[in-house]
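Visitor: I am new to reading structures, and I would like to look closely at a single part before I try to follow the whole. Could you take me through it slowly?

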Amino acid sequence: MSQSAVSVYPRGWFVVAFSSELAAGQVKSARYFGEELVIFRGEDGVAHVLDAYCVHMGANLGAGGKVCGNNLRCPFHAWQFAGSGECVEIPYAKKIPVKARQRAWLSREVNGVVLVWHDANGAAPDYDVPTIVEHGTEAWLPWTEAIYSIKTQPREIVENLADRGHFPAVHLTDIHDFAFDVDGHTAQQRVKGTAHLPGGGVDNFSSTTTYHGPGFLLMRMDGALQNYMLIAHTPNDTQTLDLRMGVMLKVVGSRAKTEGYVAQYLANLKAGFEDDIRIWETKLYRETPMLCDGDGPISQLRRWYRQFYVASA
Ligand code: FES
Ligand SMILES: [Fe+2]
């Protein structure tokens with residue numbers, strides 16, 4: 001298969017917003033997979049994702065569109081679209097044209113994030129992201145969130161999972177055990193290590209980090225604190241991507257006490273992550289890297305990741 005016959009963007013479930021970014025009645029404009037999108041939440045609380053440019057005369061629904069009940073009203077001539085994309089009202093027409101509809105993206109909201117399904121050929125989902133049963137319970141805090149815009153390509157982010165060799169140099173972490181496995185749409189890393197904290201001291205941790213498809217990573221870490229980390233990246237276009245990071249801590253003692261740890265905890269994670277970003281934003285992607293025996297299973301990860309780039313129809 002030649003390079004040009006393969007989709008530009010991977011297929012799968014991708015996060016387009018934290019739930020907290022979208023209040024009922026709110027409209028957000030977004031650019032993902034090289035397309036202009038509009039995300040809105042109806043008064044009934046359901047989030048929807050539509051193509052942004054109005055089927056009528058091309059106004060951007062994300063630039064001044066308003067939620068009316070559970071519909072989105074275009075800022076130009078006030079046509080209203082339901083979450084399904086169907087035009088349900090034109091204030092000055094007797095008859096709504098049969099083909100008046102916006103493309104609606106298949107979306108779902110789970111674990112405090114809104115996801116869309118992307119497949120360049122329009123094929124239906126063949127996997128799902130898991131539900132975090134602890135999310136939203138009393139025993140755990142909600143996500144503490146960070147959003148990055150990064151000038152890189154998705155494959156760089158994904159490769160970190162298999163890149164054993166960068167831990168000591170980039171993350172000041174000694175790796176004692178490193179295991180990696182792929183299974184269908186998932187790829188999993190299991191690590192035991194010692195992190196040297198920026199403020200001094202060490203954290204002995206064990207973590208299980210899993211990609212569920214090409215853009216949705218969950219890490220479960222048991223160390224000084226039990227936590228989930230979410231790293232979800234979604235390409236805006238071929239040059240940049242949005243990365244949403246969240247950390248969810250298990251309550252220790254009381255919620256108030258645990259909330260007191262969260263800011264510092266996320267700050268440590270972000271500092272480590274920003275060290276990766278600095279590398280990604282300035283590096284070159286080598287199709288055939290000069291690997292050595294301690295590098296980790298980078299070739300295996302690349303083979304796994306290739307499955308998400310489908311032949312263009
Ligand atoms: S361009 Fe949207 S209603 Fe006219
Ligand atoms: Fe890293």
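Visitor: In what order do the four strands of the open sheet stand, and is the pairing parallel or antiparallel?

Guide: This is a predicted model, and the open sheet you ask about is formed by four strands in the order 2-3-4-9, with antiparallel pairing. Strand 2 and strand 9, which covers residues 104-105, stand at the edges with a single partner strand each, so one side of each of these two strands is left without a neighbour in the sheet. In general, the strands of a sheet pair through backbone hydrogen bonds, and they may do so in a parallel or an antiparallel way. At the strand 9 edge, strand 4, made of residues 47-51, runs antiparallel to strand 9 and is joined to it by two bridges. If you would like one pair of residues to find on the screen, look for Val 49, whose bridge partner in strand 9 is Trp 105.

From the other edge you can step back along the chain into a loop, since Gly 25 lies between strand 1 (12-18) and strand 2 (27-32). Gly 25 has 15 other C-beta atoms within 10 Å, and because a residue counts as buried at 20 or more and as exposed at 12 or fewer, Gly 25 is partly exposed. Once its neighbours within four places in sequence are left aside, Gly 25 is in contact with Arg 41, Glu 43 and Val 67. Another glycine gives a sense of how sequence and space can be compared, for Gly 25 and Gly 64 are 39 residues apart in sequence, while their C-alpha atoms are 13 Å apart in space.

It helps to place this part within the chain, where the domain assignment gives domain 1 as residues 9-118 and domain 2 as residues 144-306. The centres of the two domains, taken over C-alpha atoms, are separated by 32 Å, and the contact takes 14 residues from domain 1 and twelve residues from domain 2. On the side of domain 1 that touches domain 2, strand 1 and strand 2 each supply at least two residues, and strand 1 gives the most, with six residues. Sorted by class, that side of domain 1 has ten nonpolar, three polar and one charged residues.

For a second example of antiparallel pairing, turn to strand 17, residues 226-235, which has eight of its ten residues buried, so this strand is largely enclosed by the rest of the structure. Strand 17 pairs with strand 16, residues 216-222, in the antiparallel sense over seven bridges, and a hairpin joins strand 16 to strand 17 through three residues. Within this pair, Leu 217 stands opposite Ile 231 of strand 17. Strand 17 is also joined to strand 18, residues 241-249, by nine bridges, again with the strands running antiparallel, and these two form a hairpin with five residues between them. Here the pair to look for is Ala 232 and, opposite it in strand 18, Arg 244.

Finally, consider the chain as a whole, which holds four helices and 18 strands. Its radius of gyration is 21 Å, close to the 20 Å that the globule rule gives for 313 residues, so the chain is as compact as a globular protein of that length. Buried residues make up 29% of those 313 residues.

Conventions
Residues numbered from 1 in each chain as written. Chains lettered and ligands numbered in written order. Predicted model: local features only at pLDDT ≥ 70, side-chain atom pairs only at ≥ 80, totals over all residues. Contact = placed C-beta atoms within 7 Å. Pairing = 2+ DSSP bridges. Domains from an automatic or database assignment. Nonpolar A, V, L, I, M, F, W, Y, C, P; charged D, E, K, R; others polar. Rg over C-alpha atoms; globule rule 2.2 N^0.38 Å.
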